[in-house]
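User: Please take a close look at the metal site in this structure and at what surrounds it. I am in my first year, so I would like one connected explanation that goes step by step.

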Amino acid sequence: MTAQPASANKFMTLERHIVEGERMHPNATGHLSSLLHSVSLAAKLIWREVTKAGLVNILGTTDRMNISGDVVKKLDEFADRTMYKTMDHSGDLCVMASEENEDILQIPDDYPQGKYVLIYDPLDGSGNIDANITIGTIFSVYARVSKSGMGTLEDVLQPGFKQVAAGYLLFGSSMMFVYCTGEGVHGFTLDPSVGEFLLSHENIRIPARGTIYSVNEGNSGRWEASMQRYIRYLKEEEKESGRPYSLRYIGSLVADVHRTLLYGGIYCYPGDVRNPNGKLRLMYENNPLAFLVEHAGGAASDGRRRILDIKPTSLHQRVPLFIGSREEVRLAGEFLAGTR
Ligand code: AHG
Ligand code: MN
Ligand code: MN
């Protein structure tokens, strides 16, 4: 038989990618791989509901009956439950925390307790669902710090630099799974005809600079003067530095950060006089996205501190976010510090 020429398009499934990643760590127990497989299953289950959403007019309604007589949940409740139920019995986790729940989520007594902690925003950008605009799920994984038994709040409240993996699912014109276990950021696109995620964005690297800024400028009247000056600067005309920047704002953080990863630039959710810590949540949104963007060569700060260094004090803590290309995040910090 004659050898076939090497194909430019190698079919790398997510499953194979996870297994090959595990083989690079001879001491791996397989639990992280198993956890990532469970997330990919949850991704497909949530995607199935997302694609049906407009058809059955279930959005924005809870506890209504669907055609089969089942009680229909809002999509964010469905995503929340699906993440939990695909993960609770696997023996990979000792505790979870979800943006939709006030307290930590324990693993039921009758299931084995594992060594990892999963934190997630089940549906980010949920305000966009009814308009068929991209939404997503964000997740973050830590190793437990408690020795055994049920996981505790202490297991969950770890600084972001301790993450062992993070990623997001993107429900857009196609469905993507983007993840990082510390060795590159990789994106997979679901081929719905075979039900597999295929490697479509290998080793994503964010440009060191960009010409897009992304912020809810409707809040600008409440910003600190330094933030207002920074955005004014980005809008001034100066061809050599690529200014004026273009404004893009989807209003789904996960989608805005995905674009920023691919095209470069900066996404900001600053504090303002009404909400000094902004809107976004450290544990569910900022930390996992900061982990991914840093591993892709970018940066993330709250304007002063590196996001991943912040020691969390509560489960639903909010902190400002400046995330994207390294140069852009540095410049934003200079404006906020008043040194520019
Ligand atoms: P969630 O849907 O998980 O509550 O998050 C909404 C967040 C985030 O996705 C988005 O970037 C931000 O809210 C938009 O806020 P504004 O409407 O204030 O711009
Ligand atoms: Mn969110
Ligand atoms: Mn959410």
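Analyst: Along the chain, the donors of the manganese ion (ligand 2) follow the spacing D-x2-D-x160-E. In this predicted model, those protein donors are Asp-121 and Asp-124, each through an OD atom, together with Glu-285 through OE, and they lie 1.9 to 2.2 Å from the ion. The pair Asp-124 and Glu-285 links distant parts of the chain, since Asp-124 sits in strand E5 while Glu-285 belongs to helix H7 (residues 282–295), 161 residues apart. Are these two residues buried or exposed? Asp-124 counts as buried because its relative accessibility is 4%, and Glu-285 is buried too, with a relative accessible area of 2%; the cut-off for calling a residue buried is under 20%.

The next step is the neighbouring metal. The manganese ion (ligand 2) and the manganese ion (ligand 3) are 3.7 Å apart, and Asp-121 coordinates both of them. For the manganese ion (ligand 3), the coordinating atoms come from Glu-99 (OE), Asp-121 (OD) and Leu-123 (O), at 2.3 to 2.4 Å, and in sequence these donors show the spacing E-x21-D-x1-L. Glu-99 is found in the loop between strand E3 (93–98) and strand E4 (105–106), whereas Asp-121 is in strand E5 (residues 116–124), so this pair ties together parts of the chain that are 22 residues apart in sequence. Both Glu-99 and Asp-121 are buried.

Glu-99 also leads us to ligand 1, because an N or O atom in the side chain of Glu-99 is 2.9 Å from an oxygen atom of ligand 1, a distance that falls within the 3.5 Å used for a polar contact. Two further approaches can be described in a similar way: an oxygen atom of ligand 1 is 2.9 Å from a polar backbone atom of Gly-125, and an oxygen atom of ligand 1 is 2.5 Å from an N or O atom in the side chain of Tyr-249. Of the accessible area that ligand 1 has on its own, 470 Å², the protein covers 83%.

Which residues come nearest to ligand 1? There are 17 residues around it, and the nearest of them are Asp-124, Gly-125, Asn-216, Tyr-249 and Tyr-269. Asp-124 is therefore a residue to look at twice, because it is buried at 4% relative accessibility, it is a donor to the manganese ion (ligand 2), and it is among the residues that come nearest to ligand 1. By type, the shell around ligand 1 divides into 6 nonpolar, 5 polar and 6 charged residues. Strand E5 and strand E13 (266–269) each supply at least two residues of this shell, and E5 gives the most, with 3 residues. On the scale of domains, both domain 1 (7–201) and domain 2 (212–337) give residues to the shell, so ligand 1 lies between them.

Finally, it helps to return to strand E3, the strand just before the loop that holds Glu-99. Ser-98 lies in strand E3 and is buried, with a relative accessible area of 0%, and its side chain is joined to that of Asp-80 by a polar contact of 2.7 Å. Cys-94 has its place in strand E3 as well, and Cys-94 is likewise buried, with a relative accessible area of 0%.

Technical notes:
Residues numbered from 1 in each chain as written. Chains lettered and ligands numbered in written order. Predicted model: local features only at pLDDT ≥ 70, side-chain atom pairs only at ≥ 80, totals over all residues. Heavy atoms only, no water. Donors = N, O, S within 2.8 Å, 3.2 Å for Na, K, Ca; no water. Helix = DSSP H or I, 4+ residues; strand = E, 2+ residues; numbered from the N terminus. Buried < 20%, exposed > 50% of the residue type's maximum accessible area, 1.4 Å probe, protein only. Near = heavy atom within 4 Å. Polar contact = N/O pair within 3.5 Å; in protein donor to acceptor, adjacent residues only side chain to side chain. Areas by Shrake-Rupley, 256 points an atom, 1.4 Å probe, with all protein chains shown as cover. Nonpolar A, V, L, I, M, F, W, Y, C, P; charged D, E, K, R; others polar. Domains from an automatic or database assignment.
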